[in-house]
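Got the model open in your viewer? Let's take a walk through one sheet and the helices packed on it, one selection at a time.

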Amino acid sequence: MTGYTAGETTVHRTIAGITQVTRALRKTGRPVVLVPTMGALHQGHLELVQAAKTLPRAVVVVSIFVNPLQFGEGEDFDAYPRTLDEDVEKLRAVGAELVFAPNAKEMYTNGFRTTVQPGPLASELEGATRPGHFAGALTVVNKLFNITNCTDAVFGEKDYQQLCLMQQMVTDLNMPVQLHGVPVIREADGLAMSSRNRYLSEEQRNLAVTLSAALTAGAFVADRGADAVLETARGVLASQPEVELDYLELRDAALAPLSDEALRGDGQETEARLLVAAKVGTTRLIDNVGLILGAPRPDSANGFGQLGQKDAEIASAALSAAGLDGELTEQEAAELAELQEKVRAARDARLKDESSKENLKNAGFGVEQDSE
């Protein structure tokens with residue numbers, strides 16, 4: 001097949017080229033899995049590619065495109081790192097078979113005349129600081145879905161609001177694409193991996209860990225309710241005044257405001273998401289963590305081992321950065337492990353329910369809405 005060789009990495013620069021190849025692959029019954037990126041790839045991106053490759057018989061397409069439509073005035077579009085040759089070598093090493101790397105003229109031949117309007121959520125959190133950002137992100141991903149003929153797409157949960165809006169677009173516009181979220185990939189000390197981390201000086205890099213430390217500390221007291229989560233996280237952030245806080249918010253799993261019951265802590269467990277954005281120097285960073293409000297803490301009988309060595313090291317580093325004892329006790333490790341399992345179970349149940357409803361709709365069956 002012209003433009004595709006199994007087991008090798010082929011780079012396409014034109015829409016016509018990648019569309020022809022992926023359309024032919026789809027006709028053979030192969031799923032096409034898109035991993036959208038803006039390049040400057042790091043280990044977090046490569047983890048997304050590895051996740052995409054786990055889908056049976058998948059052909060992975062990684063797009064590399066610094067999208068001008070999602071950068072606002074005064075943002076770092078011109079300075080954003082462009083490292084295509086290095087990126088392709090990294091993708092070749094992990095076995096990505098197709099790379100789509102267009103320029104802006106190729107993607108927007110007729111300018112920015114048609115865009116996706118993402119609704120109210122896009123003006124909150126990140127959208128409050130970056131107006132138009134999500135309209136640009138959804139527009140380019142919508143185009144990439146069509147250009148690559150993808151059946152699936154993989155996104156990182158570090159940009160959690162973006163993931164929620166992508167799922168909203170797919171659901172509301174009846175797109176035949178299955179989205180997959182991959183948990184935040186972190187450095188050994190807890191800092192969320194990001195292409196913008198390269199802007200940080202050594203001193204700023206050390207300060208940046210404050211974000212993940214605040215999230216870890218907040219999640220650790222989720223059994224005490226929403227107020228305790230926010231108060232604890234704010235305390236960690238306040239300990240480092242050089243970190244310029246934009247927002248720290250606690251929302252439900254879909255990023256809607258928490259219900260009154262969840263805020264009061266009426267004995268129910270609620271899946272939630274704690275999100276933070278801040279500037280360290282001139283670099284703006286974001287991070288988030290999933291948690292279960294009101295989940296009772298387990299006893300220490302489960303032991304340290306259930307947390308896992310990597311997660312334990314990250315949690316210890318984050319707590320140390322928060323000014324707390326960096327060594328987790330067995331009880332603390334067990335509590336974090338229990339929290340992880342509850343978040344995973346709640347997320348899996350929610351995604352399974354959404355997927356089941358969507359499958360019924362696609363099959364022509366009506367799905368009744370839950371009564372209020």
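Start by selecting residues 202–220: this is helix 8, which lies across strand 7, strand 8 and strand 9 and runs at about 15° to strand 9. Helices here are DSSP runs of H or I with at least four residues, strands are E runs of at least two, and both are numbered from the N terminus. The angles run from 0 to 180 degrees between N-to-C directions, with axes as lines fitted to C-alpha atoms, for helices over the stretch in contact; contact means heavy atoms within 4.5 Å.

A quick note before you click on: this is a predicted model, where local features need pLDDT of at least 70 and side-chain atom pairs count only at pLDDT 80 or more, while totals for chains, interfaces and linings use all residues. Residues are numbered from 1 along each chain as its sequence is written, and side-chain values use heavy atoms, with hydrogens and water left out.

Next, add 226–238. That's helix 9, which also lies across strand 7, strand 8 and strand 9, at about 165° to strand 7.

Now hide the helices and look at the sheet. It is open, with three strands in the order 7-8-9 and antiparallel pairing; strands count as paired if DSSP finds at least two bridges between them. Colour 243–252 (strand 7) and 283–293 (strand 9): these are the edges, and each has a single partner strand, so one side of each has no neighbour in the sheet. From one strand to the next, the twist averages 15°.

Select 270–280 for strand 8, which pairs with strand 9 in the antiparallel sense over eleven bridges. On its other pairing, nine bridges join strand 7 to strand 8, again antiparallel. How many residues of strand 8 are buried? Ten of its eleven, so to speak a mostly covered strand, with buried meaning under 20% relative accessible area (1.4 Å probe, protein chains only).

Zoom in on Arg273. Its bridge partner in strand 9 is Gly290, and Arg273 is itself the bridge partner of Arg251. One step along, Leu274 stands opposite Val289 in strand 9. In a regular strand, side chains alternate between the two faces of the sheet.

Then follow the chain round the turn: strand 8 and strand 9 make a hairpin with two residues between them, and Gly281 in that turn has a positive phi of about 65°.

Finally, zoom out. The chain has twelve helices and nine strands, and 51% of its 372 residues count as buried.

Methods
Buried < 20%, exposed > 50% of the residue type's maximum accessible area, 1.4 Å probe, protein only.
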